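The exercises below invite you to look at a structure step by step, with a worked solution after each task. Please keep the sequence and the model in view as you read.

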Amino acid sequence: MADAQAPSLPPVLLVGCGKMGGAMLEGWLAEGLAPSVVVDRHRDTLPAPHRLVRDVADLPADFRPGLIVLAMKPQKVAAAIAAIAPFATHAPVLSVLAGRTVGGLTDALRAHMPAGAQPVVIRAMPNTPAAVGEGMTVSYAPPCATAAQRSLCDRVLSAIGQTAWVEHEDEIDVVTAISGSGPAYVFLLAELLEQAGVEGGLPPALARQIARQTVSGAGVLMQRSGLDAEQLRRNVTSPNGTTAQALSVLMAPDAWPATLRAAIRAASQRARELAS
């Protein structure tokens with residue numbers, strides 16, 4: 001853990017501390033976070049010297065965050081914009097709100113700022129493995145964002161896992177469909193493997209254990225080996241063996257290749273609809 005006397009992260013104004021906001025906060029606290037303010041109605045406490053407030057109306061006027069992070073439910077952002085805007089005159093805004101564009105948030109903030117003010121909004125799409133420090137976050141920064149602001153956001157997001165950047169905001173829709181929603185696809189695979197085990201006669205507890213460990217173990221192997229997923233699949237597949245027989249079903253043109261592509265297209269389209 002970072003030395004409490006020398007925090008590695010600047011003061012943050014975190015608006016929303018649910019599952020994703022809470023995961024980020026835990027990562028920042030472990031890294032070493034300068035005294036910060038968290039806005040959340042449901043959290044009970046924060047470790048000193050950090051401050052918890054229940055509503056954006058109660059934000060301390062003298063607080064000077066180095067970064068503002070929006071992690072509330074997207075439908076609640078409109079009610080918070082006016083209170084956040086004064087802080088955005090001197091600190092960039094990092095949004096992890098699904099379906100909220102950089103342009104939309106920038107315009108909303110500017111409406112509550114002095115004439116000529118230019119808020120900087122950076123958009124990020126993390127995923128739920130952030131809760132255990134294994135997240136994948138992909139971000140987009142508009143041209144007005146400085147290299148220092150991008151670097152700051154990268155430092156903050158690296159506390160919950162790996163990070164990457166896209167050059168065009170519309171690419172976030174595909175990111176949302178793959179990494180944002182992707183954990184649900186993996187959990188569904190574990191769920192179906194467990195069900196198949198039970199249907200095949202295994203005790204439920206054993207079916208659950210082997211399904212979960214198979215999925216999580218395969219993920220760790222893929223991460224540590226450095227090999228392509230295709231090569232790892234080939235390594236498991238003996239010619240004319242049991243795995244090859246199963247893959248002949250799963251990889252049929254109308255099976256996984258088609259259905260997964262259709263699922264990604266559907267999720268991407270929904271992301272675009274939410275953003276509009």
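**Exercise 1: The chain as a whole**

The mean positions of the 22 positive and 23 negative charges of the chain are 3 Å apart. The model to which this value belongs is a predicted one.

Task: Describe the chain by its helices and strands, its box, its buried residues, its contacts and its accessible surface.

Solution. Begin with the secondary structure, where the chain shows 10 helices and eight strands. Next, take the extent along the principal axes: the C-alpha atoms fill a box of roughly 70 × 40 × 30 Å. Then turn to burial, and note that of the 276 residues in the chain, 39% are buried. For the contacts, consider those between residues at least 6 apart in sequence, of which 59% join residues at least 24 apart. Finally, the accessible surface of the chain comes to about 15300 Å², and carbon and sulfur atoms account for 58% of that surface.

**Exercise 2: Two annotated spans**

Task: Find which residues UniProt lists for each of the two domain annotations, and describe the helix and strand content of each span.

Solution. The first step is to read the record: in an unreviewed entry, UniProt gives the annotation "domain: Pyrroline-5-carboxylate reductase catalytic N-terminal" to residues 14–99. In the model, residues 14–99 are 24% helix and 17% strand, with the end C-alpha atoms 19 Å apart. The second step concerns the annotation "domain: Pyrroline-5-carboxylate reductase dimerisation", also from an unreviewed entry, for which UniProt lists residues 169–274. Here the span is 81% helix and 0% strand, and its end C-alpha atoms lie 14 Å apart.

**Exercise 3: Threonine 106 and glutamine 149**

Task: For threonine 106, work out where the residue sits, whether it is buried or exposed, and what its side chain reaches; then do likewise for glutamine 149.

Solution. Threonine 106 is placed in helix H3, which runs over residues 102–110. Its relative accessibility is 7%, and because buried means under 20%, threonine 106 counts as buried. The side chain of threonine 106 reaches the backbone oxygen of valine 102 at 2.7 Å. Once residues up to four places away in sequence are set aside, threonine 106 touches Gln118, Pro119 and Val121.

Glutamine 149 lies in helix H4, residues 147–158. With a relative accessibility of 18%, glutamine 149 also falls under the 20% cut-off and therefore counts as buried. Its side chain reaches the backbone nitrogen of threonine 146 at 2.9 Å. Not counting residues up to four places away in sequence, the residues that glutamine 149 touches are Pro92, Val120, Ile122 and Cys144.

**Exercise 4: Isoleucine 84 and glycine 197**

Task: Which residues does isoleucine 84 contact, leaving aside neighbours within four places in sequence, and how far apart in space are isoleucine 84 and threonine 214?

Solution. Isoleucine 84 is found in helix H2, residues 77–84, and it counts as buried because its relative accessibility is 1%. Its contacts beyond four places in sequence are Val15, Ile68, Leu70, Met72 and Leu109. Isoleucine 84 and threonine 214, which are 130 residues apart in sequence, are 45 Å apart from C-alpha to C-alpha.

Task: Trace the surroundings of glycine 197 and its separation from alanine 211.

Solution. Glycine 197 belongs to helix H6, residues 182–199, and its relative accessibility of 13% makes it count as buried. Leaving out residues up to four places away in sequence, glycine 197 touches Leu202 and Ala207. The C-alpha atoms of glycine 197 and alanine 211 are separated by 8.1 Å, while the two residues are 14 residues apart along the chain.

**Exercise 5: Backbone geometry**

Task: Where does proline 49 lie, and what is the peptide bond that leads to it from alanine 48, cis or trans?

Solution. Proline 49 is in the loop between strand S2 (37–39) and strand S3 (51–53). The bond from alanine 48 to proline 49 is cis, with omega near 10°. As background, most peptide bonds are trans, and most residues other than glycine have a negative phi.

Task: Is the phi of asparagine 240 positive or negative, and is this residue buried or exposed?

Solution. Asparagine 240 has a positive phi, near 60°, although the residue is other than glycine. Asparagine 240 lies in the loop between helix H8 (229–236) and helix H9 (242–250). At 80% relative accessibility, asparagine 240 counts as exposed.

Terms used: Residues numbered from 1 in each chain as written. Heavy atoms only, no water. Helix = DSSP H or I, 4+ residues; strand = E, 2+ residues; numbered from the N terminus. Buried < 20%, exposed > 50% of the residue type's maximum accessible area, 1.4 Å probe, protein only. Polar contact = N/O pair within 3.5 Å; in protein donor to acceptor, adjacent residues only side chain to side chain. Contact = heavy atoms within 4.5 Å. UniProt positions renumbered as here; feature names shortened; annotations may be inferred. Areas by Shrake-Rupley, 256 points an atom, 1.4 Å probe, with all protein chains shown as cover. Lys, Arg positive; Asp, Glu negative; His and termini not counted. Charge placed at Lys NZ, Arg CZ, Asp CG, Glu CD.
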